[in-house]
Amino acid sequence: MDEYNRFVDWDKMDVTVQSQDAKELTCTEFQELKQLARQGYWAKNHSLRAKVYHKLISNIPCRTVTPDANVYRDIVVKIVGKRNSSSLPLPEFVDNSLVPTYCLNAEGIGAVRKIILCIANQFPDISFCPALPSVIALLLHYSKDEAECFEQVCRILACNDPSKRLIDQTFLAFESSCMTFGDLVNKYCQAAHKLMVAVSEDVLEVYSDWQRWLFGELPMVYIARVFDVFLVEGYKVLYRVALALLKFFHKVRAGQPTESDSIQQDIRAFVRDIAKSVSPERLLEKAFAIRLFSRKEIQLLQMANEKALQQKGITVKQKSVASPKRQNVHLAVHAENFKSEIVSVKEMRDIWSWIPERFALCQPLLLFTTLEHGCSLSRFYSHSEGHEPTLLLIKTTTKELQPEVERYEWVIIKHPELATTGSEPENHASPAPSTLSSGSVPSDPSDRLSPFLSARHFNLPSKTASMFMAGSSECIIIGGGDGQALYLDADLNHGRTSHCNTFNNQPLCSESFQISVLEVWGFRDTMNG
């Protein structure tokens, strides 16, 4: 341990969790490394973890010219000079981030700032990297000297493998990662998301904190375990752990009053004090229990969010003298230019928090309303044509239909014969954006194709299998889950709710209602009018 203790304040470390048993790491296969990292094989041996980090980071594919330890030794005196290292100003790209001490001694705390300044000198293309101070502070624990730590951080920053994303280094990458995290929360942490919507004016601002939870607030023993797996598996691990943190926050704090005026502050405090409720092992167990998108799917989502930001000219962080608050690119629902006969501005903002982040950058655009365009389903389709996605709002004459927010996917049913035969096709058909053919929908709403066939016949996730929308020239069907469906007739004046037996798809009861107002909203590109 003596080889790697230069920057560590061992009086602040929990040495009881450290083991001096001699261990070696000989495996090189990814799957075996992955399992060992998740199990914490090197977590209790400081020296072994240092050697494993060195090995993993040395294997990162990098640019041909990547600064090394010798470069650091050459430039550090010129850059730092005789200034007190503990008071060195940080470059703008760290965005006033927390500089965690992670049980470092005074020399280590000063070394973090020195290394950051030298990295700024060698990486002029870095424009936004708030995670950097945390990464440096952590790696100093497992480095023999400042130069070695500098070299390891440089290799992480200089990774040139397009399939291996590590640390965000631009505002565009950071902002799109926040949007991607919001999309993932929407899908995988719905209970926590509902809590955020209920208590926060701007839920997307809360989610922009997700990297700070990991690289700033999370205690050293926790972030070290996360970093163990991160170096093996990559960026996806960070999303997993942040989602797990939000799930635990919701579990521990649900039903309790907020401890401050800001849910952001409450989450930060929870993460700082996470040892009171969740162990590192339990946190990782929860993280890897989430059936997350594949790495490729997350990459595509990230690219879509980056493209949406670029199209709106949001690529750099805007400086604001009036407010230190992070630039808010999300609040697209403005009170002064939004008017709906169904929902208030606050309600529309809540709805906006449920849609994919790249669309939440756009302002709502009213495409169709029965008050202005009449009650024709064909006119409904013509006004909506060419706009994707769209948002459908309905108010009945008794002002009903205001459930908790849920998402309904528009699907195609490729086997309309199932409406009469009820037989299961040999090959499951994947849902895709489209509509039902008009010939597949019987005239009597009670005999129409049940949306609850989707779970068995179309291989949709069981949890949301009956939560989707489909339509034809005769009606629109909205599956509401729990054996419920909503049918809108072609005149858009009337509708019917149906409660079905999900085992044999037979209607149990049906109730009619009259529609007061129906609105369809699209998404206006704020940059292009």
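How many salt bridges does the count come to? In this predicted model, the count comes to 16 salt bridges.

Three of these pairs are set out below.

| Acidic residue | Basic residue | N to O separation |
|---|---|---|
| Glutamate 233 | Arginine 38 | 2.8 Å |
| Aspartate 228 | Arginine 49 | 2.8 Å |
| Aspartate 168 | Arginine 165 | 2.3 Å |

Glutamate 233 belongs to helix α11 (residues 220–233) and arginine 38 to helix α1 (residues 30–39), so their salt bridge ties together parts that are 195 residues apart in sequence. Glutamate 233 is buried, at a relative accessible area of 9%, whereas arginine 38 is partly exposed, at 24%. The salt bridge between aspartate 228 and arginine 49 likewise links distant parts of the chain, with aspartate 228 in helix α11 and arginine 49 in helix α2 (residues 46–58), 179 residues apart. Both aspartate 228 and arginine 49 are buried.

In the third pair, aspartate 168 is buried, with a relative accessible area of 5%, and arginine 165 is partly exposed, with 26%. Elsewhere, Arg212, Glu217 and Arg272 are joined into one network by salt bridges that share partners.

The largest nonpolar core holds 132 residues, of which Ile119, Ile136, Ile156, Trp210 and Leu214 touch the most other members. Helix α12 gives the most to this core, with 11 residues. Apart from it lies another core of 15 residues, including Leu367 and Phe380.

Helix α12 (residues 236–253) reaches 26 Å from its first C-alpha to its last, close to the 26 Å expected for its 18 residues. Of these residues, 14 are buried, so α12 is largely enclosed by the rest of the structure. Leaving aside residues up to four places away in sequence, tryptophan 210 touches Leu238, Tyr239 and Ala242, among others.

Notes
Residues are numbered from 1 along each chain as its sequence is written. This is a predicted model: local features need pLDDT of at least 70, side-chain atom pairs count only at pLDDT 80 or more; totals for chains, interfaces and linings use all residues. Side-chain values use heavy atoms; hydrogens and water are left out. Helices (H or I, at least four residues) and strands (E, at least two) are DSSP runs, numbered from the N terminus. The expected span of a helix is 1.5 Å times one less than its number of residues. Buried means under 20% relative accessible area, exposed over 50%, partly exposed in between (1.4 Å probe, protein chains only). A nonpolar core is a set of buried Ala, Val, Leu, Ile, Met, Phe, Trp, Tyr and Cys residues joined through side-chain atoms within 4.5 Å. Contact means heavy atoms within 4.5 Å. A salt bridge is a side-chain nitrogen of Lys or Arg within 4 Å of a carboxyl oxygen of Asp or Glu.
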